[in-house]
Amino acid sequence: MKAKFQAIKGMNDILPEQTPAWHKLEALLLQLMQQYGYSEIRMPLVEKTALFKRSIGEVTDIVEKEMYTWTDISDDSLTLRPEGTASCVRAGIEHGLLYNQQQKLWYMGPMFRRENPQKGRYRQFHQLGVEAFGFAGPDVEVEQILLTHRLWRALGIDNDVVLHINTLGDSESRANYRELLVTYFNAHKEQLDEDSLRRLNSNPLRILDSKNPAMQSLIEQAPKLSEHVDEASKEHFERLKSMLTAAGLTFQVNDRLVRGLDYYNRTVFEWMTDKLGAQGTICAGGRYDGLTDQLGGQATTASGFAMGIERILSLAIEAGYFADYSEAPHVYFIAMGESAEVQAMVLAEKLRDELPHLRMVVNCGGGNFKKQFKKADRSAAKIALILGEDEVQQQVIGIKFLRDDRVQESCSWNELAAQLGSFEFTD
Ligand code: ATP
Ligand code: MG
C-alpha cells in the first residue's frame with residue numbers, strides 16, 4: 001500500500017460537518033460589517049517579508065519565530081501573512097485609499113504563524129480584521145468595541161468575555177517609559193528569564209507581557225505605564241472610558257496590556273475569556289497612528305482590531321448558537337426505473353427554477369427503493385419525493401414525510417412546486 005499523506009501540523013481541514021457553522025458565522029459577520037458601514041477588502045496571502053518586519057517589529061514573537069518565509073525564484077524574500085493589518089495598510093497606500101480620506105475596511109481569511117499547535121492555537125487560522133483610517137478620536141474606537149460587543153450578544157457569549165483596555169501613550173512618552181523599564185529590569189537582571197533578557201534592550205515593554213510565573217512579582221513592581229503617559233493621551237483615554245460607560249459597557253483597565261505588536265499607540269484593548277484555557281484572547285486591537293507613515297504613505301490616524309474566528313466558533317458552539325442550524329437537504333428525490341430517472345432530472349431542474357431556496361438531493365447512481373430510502377434517511381432530508389414508472393405514466397409524484405407522522409401524499413407534477421413551497425421549511 002502506498003503511504004498516505006497528512007495535512008501539515010496545525011493546518012486543519014474544515015470538514016463538511018463543520019462548514020455550516022462557518023457559513024452561519026460568516027453571514028452574521030457580513031451583516032455586522034454592513035450595519036456599521038465597513039467595506040470589505042481582500043488582500044493576497046503573500047507579501048514581501050520586509051513589510052511585516054517593518055510594521056509588526058523585528059523583536060516580536062511573530063517576526064522572530066512565527067513567520068513562514070522563503071526566497072522566491074526572483075530572489076525576493078516572501079512571507080505568508082501572519083496578520084492582516086500590514087497588508088491592509090500596504091494595499092491602502094498602494095491604491096490611494098488612505099490619502100486625505102477616511103476609510104472603514106474589513107477583511108477575513110487565513111493567517112499563518114509557526115506556533116506550537118494546541119487547542120485554539122493553529123498554524124493556519126482565521127481572523128476577521130477591522131481597520132478605520134483617518135479618525136483621530138476615541139469615538140471610532142468605541143464604535144469598534146460596540147461592534148464586537150454586538151457580535152458577542154448575537155452569539156450568546158457576552159457573559160463569557162471581559163473587555164480589557166489600556167493606553168500606551170504617544171511615542172515620546174513610550175520612549176521615556178521604555179528607558180525607565182530598561183533601568184528597572186537591568187537592576188534585577190538575575191531574575192529575568194531567557195526571553196526577557198533578549199527583549200531587555202530591544203523591546204522591554206514586551207517583558208510586561210510575560211506569562212512566566214517566576215517573573216510575576218518582578219513585573220508587578222515595575223514602573224507603571226499609566227504613570228508615564230502624556231497628557232493628551234490620558235485625556236483621550238478618559239474620553240474613551242466615559243463613552244464606553246455611557247454606552248453601557250463594562251471594562252477593566254489593565255495596566256499590563258501592551259500587545260505583542262510594535263505599531264500600537266494610545267488605546268489598546270482585548271476581549272478575554274476564561275473558557276478556552278490558555279488561549280484566552282478572542283479579539284484584540286487598538287490605535288496605530290504611526291503605521292501608514294512608517295510604511296511609506298501619508299501619515300494618517302488608524303484604529304483596528306482582529307478576532308480569532310476559531311476561538312469565537314468554539315465559544316459560540318459551547319453556547320449552543322448553532323444547535324438548531326442545519327444545511328441538510330429539505331428534499332431527497334427518489335427515482336426508480338429508467339424513464340423515472342430521466343424525469344427526475346427534468347422535474348428537479350424545474351423545481352430549482354421555481355424554488356431557488358429549496359435544498360434538494362436527487363438520487364444518483366440508481367439502487368432499489370429500499371436502498372434509496374436509506375440514503376434519503378441518512379441525508380437528514382425532511383421529505384422524500386418518489387417517482388416510479390407508475391407515477392411517470394400518471395404524471396404524479398409521491399411525497400413522503402420522513403420526519404413527521406403524516407400519511408404519504410400524491411401530487412401532480414404541475415402542482416409540485418406550489419405544494420413544496422407551502423411547506424415553509426424554516427431554515
Ligand atoms: P496570543 O496572545 O493568543 O498569541 P496574539 O496577540 O498573538 O494572541 P493577535 O496577533 O492580536 O494575537 O491576533 C488577534 C487574534 O487572533 C487573537 O486574539 C486570537 O484570537 C487569534 N489568534 C492569534 N494567533 C492565533 C493562532 N495561532 N491560532 C488561532 N487563533 C489565533
Ligand atoms: Mg501570538
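**Ligand 1, a sheet and some single residues**

Author: Strand E10 contributes four residues to the shell around ligand 1, the largest share. Keep in mind that this is a predicted model.

Reader: Happy to. Which other strands supply at least two residues of the shell around ligand 1?

Author: Besides strand E10 (281-287), strand E6 (124-133) and strand E11 (302-308) each do so. Across the shell there are six nonpolar, four polar and five charged residues.

Reader: Which of the 15 residues around ligand 1 come nearest?

Author: Those are Arg-113, Glu-115, Arg-121, Arg-259 and Thr-281.

Reader: What makes the approach of Glu-115 to ligand 1 a polar contact?

Author: A polar side-chain atom of Glu-115 lies 2.6 Å from a nitrogen atom of ligand 1. The cut-off for a pair of N or O atoms is 3.5 Å, so this pair qualifies. Two arginines can be put to the test too. For Arg-113, a side-chain N or O atom is 2.8 Å from an oxygen atom of ligand 1, and for Arg-311 a polar side-chain atom lies 3.2 Å from an oxygen atom of ligand 1. Both distances are within 3.5 Å, so both pairs count as polar contacts.

Reader: How much of ligand 1 does the protein bury?

Author: The protein buries 88% of the 580 Å² that ligand 1 exposes when taken alone.

Reader: On to the sheet. Why do strand E1 and strand E8 count as edges?

Author: The open sheet has eight strands in the order E1-E5-E6-E11-E10-E9-E7-E8, with mixed pairing. Strand E1 (39-40) and strand E8 (252-253) each have a single partner strand, so one side of each has no neighbour in the sheet.

Reader: How do you know that E7 and E8 are paired?

Author: Pairing asks for at least two bridges, and two bridges join strand E7 (residues 161-167) to E8, so the condition is met. These two strands run parallel. One of the residues involved is Ile-165, whose bridge partner in E8 is Val-253.

Reader: Asn-265 and Arg-266 lie in strand E9. Why is Asn-265 called buried?

Author: Its relative accessible area is 14%, and buried means under 20%, so Asn-265 belongs in that class. The side chain of Asn-265 reaches the backbone nitrogen of Asp-289 at 2.8 Å. Among the residues that Asn-265 touches are Leu-168, Arg-174 and Tyr-288.

Reader: And what is the class of Arg-266, buried or exposed?

Author: Arg-266 is buried, because its 18% relative accessibility is also under 20%. Arg-266 is not a glycine, yet its phi is positive, near 50°.

Reader: What makes Gln-395 partly exposed?

Author: A relative accessible area of 48%. That value falls between the limits of 20% and 50%, so neither buried nor exposed applies to Gln-395. Gln-395 sits in the loop between helix H14 (389-394) and strand E15 (396-401), and has a positive phi of about 55° although it is not a glycine.

Reader: Last one: how do you know that Glu-64 is partly exposed?

Author: Glu-64, in helix H3 (residues 61-66), has 32% relative accessibility, so Glu-64 also falls between 20% and 50%. The side chain of Glu-64 makes a polar contact of 2.6 Å with the side chain of Arg-198. Glu-64 also touches other residues, including Glu-58, Val-59 and Arg-199.

Conventions. Residues are numbered from 1 along each chain as its sequence is written. Chains are lettered from A and ligands numbered from 1 in the order in which they are written. This is a predicted model: local features need pLDDT of at least 70, side-chain atom pairs count only at pLDDT 80 or more; totals for chains, interfaces and linings use all residues. Side-chain values use heavy atoms; hydrogens and water are left out. A residue is near a molecule or strand if one of its heavy atoms lies within 4 Å of it. A polar contact is a pair of N or O atoms within 3.5 Å; within protein, one must be able to donate a hydrogen and the other to accept it, and residues adjacent in sequence count only if both atoms are side-chain atoms. Accessible areas come from the Shrake-Rupley method with a 1.4 Å probe; for residues, only the protein chains shown count as cover. Ala, Val, Leu, Ile, Met, Phe, Trp, Tyr, Cys and Pro count as nonpolar, Asp, Glu, Lys and Arg as charged, and the others, Gly among them, as polar. Buried means under 20% relative accessible area, exposed over 50%, partly exposed in between (1.4 Å probe, protein chains only). Contact means heavy atoms within 4.5 Å. Lists of a residue's contacts leave out its neighbours within four places in sequence.
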